[in-house]
Amino acid sequence: MEEAIRGSRRELTDLKSSEYIQREYTIFELDQLAWIGRRLPVIGVMVGICTLGGLLGTVSGMLVTFTKMASSSYGDPMEKIAAGISEAMITTQAGLLFALPAAFAYAMLVVRVRRVHSLLEQHLSVDLKNLSMKGIGNA
């Protein structure tokens with residue numbers, strides 16, 4: 001995306017209107033950054049769903065474990081508890097295996113979008129300053 005900004009700047013160097021430059025930067029921002037920005041919340045929701053899915057599996061696994069313990073009167077109760085908890089923890093592990101990388105990716109994308117937005121604003125400011133130094137206004 002940063003390469004696209006640099007490429008756009010090269011094309012804008014020969015322009016004669018600050019309004020045109022601002023419009024081109026705004027169009028780029030709406031086309032590229034807004035597209036990504038609209039999709040970032042989806043990743044955030046997926047992180048929450050993975051975490052809650054793991055928790056739900058754990059709770060339901062524990063309920064099944066305690067139900068089996070209450071219904072059977074023979075055998076070692078500690079063995080039943082250990083087997084049930086082990087089974088219930090698998091969903092927690094699966095939820096975290098998906099949620100942690102997704103949370104990391106989400107954080108990295110948010111930082112990247114903010115950095116590109118800041119870079120875009122800096123380039124716009126420099127281009128408008130260069131344009132005004134050349135004596136070309138809103139022609």
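This report describes the helices of a predicted protein model, the packing of two of them, and two residues within them.

The protein has 139 residues, of which 24% count as buried. It contains three helices and zero strands, and from the N terminus on its elements run α-α-α.

Helix H2 covers residues 18–71 and helix H3 covers residues 77–133. The two pack with their axes 8 Å apart, at an angle of about 170°. Because angles over 145 degrees count as roughly antiparallel, H2 is roughly antiparallel to H3. Sorted by class, the contact of H2 with H3 has 28 nonpolar, 15 polar and three charged residues.

One residue from each of these helices is set out below.

| Residue | Helix | Relative accessibility | Class |
|---|---|---|---|
| Val59 | H2 | 42% | partly exposed |
| Ala99 | H3 | 4% | buried |

Ala99 counts as buried because its relative accessibility of 4% falls under the 20% cut-off. Along the chain, Ala99 and Val47 are 52 residues apart, and their C-alpha atoms are separated by 4.7 Å.

Val59 lies in H2 and has a relative accessibility of 42%, so this residue counts as partly exposed. Partly exposed residues are those between the 20% limit for buried and the 50% limit for exposed. Val59 also belongs to a nonpolar surface patch of about 400 Å², which is made together with Leu52, Leu55 and Leu63.

Notes:
Residues numbered from 1 in each chain as written. Predicted model: local features only at pLDDT ≥ 70, side-chain atom pairs only at ≥ 80, totals over all residues. Heavy atoms only, no water. Patch = residues over 30% accessible without salt bridge, like charges linked within 9 Å, V, L, I, M, F, W, Y side chains within 5 Å. Areas by Shrake-Rupley, 256 points an atom, 1.4 Å probe, with all protein chains shown as cover. Salt bridge = Lys/Arg side-chain N within 4 Å of Asp/Glu carboxyl O. Buried < 20%, exposed > 50% of the residue type's maximum accessible area, 1.4 Å probe, protein only. Axes fitted to C-alpha atoms, helices over the stretch in contact; angles between N-to-C directions. Parallel < 35°, antiparallel > 145°, perpendicular 65-115°, else oblique. Nonpolar A, V, L, I, M, F, W, Y, C, P; charged D, E, K, R; others polar.
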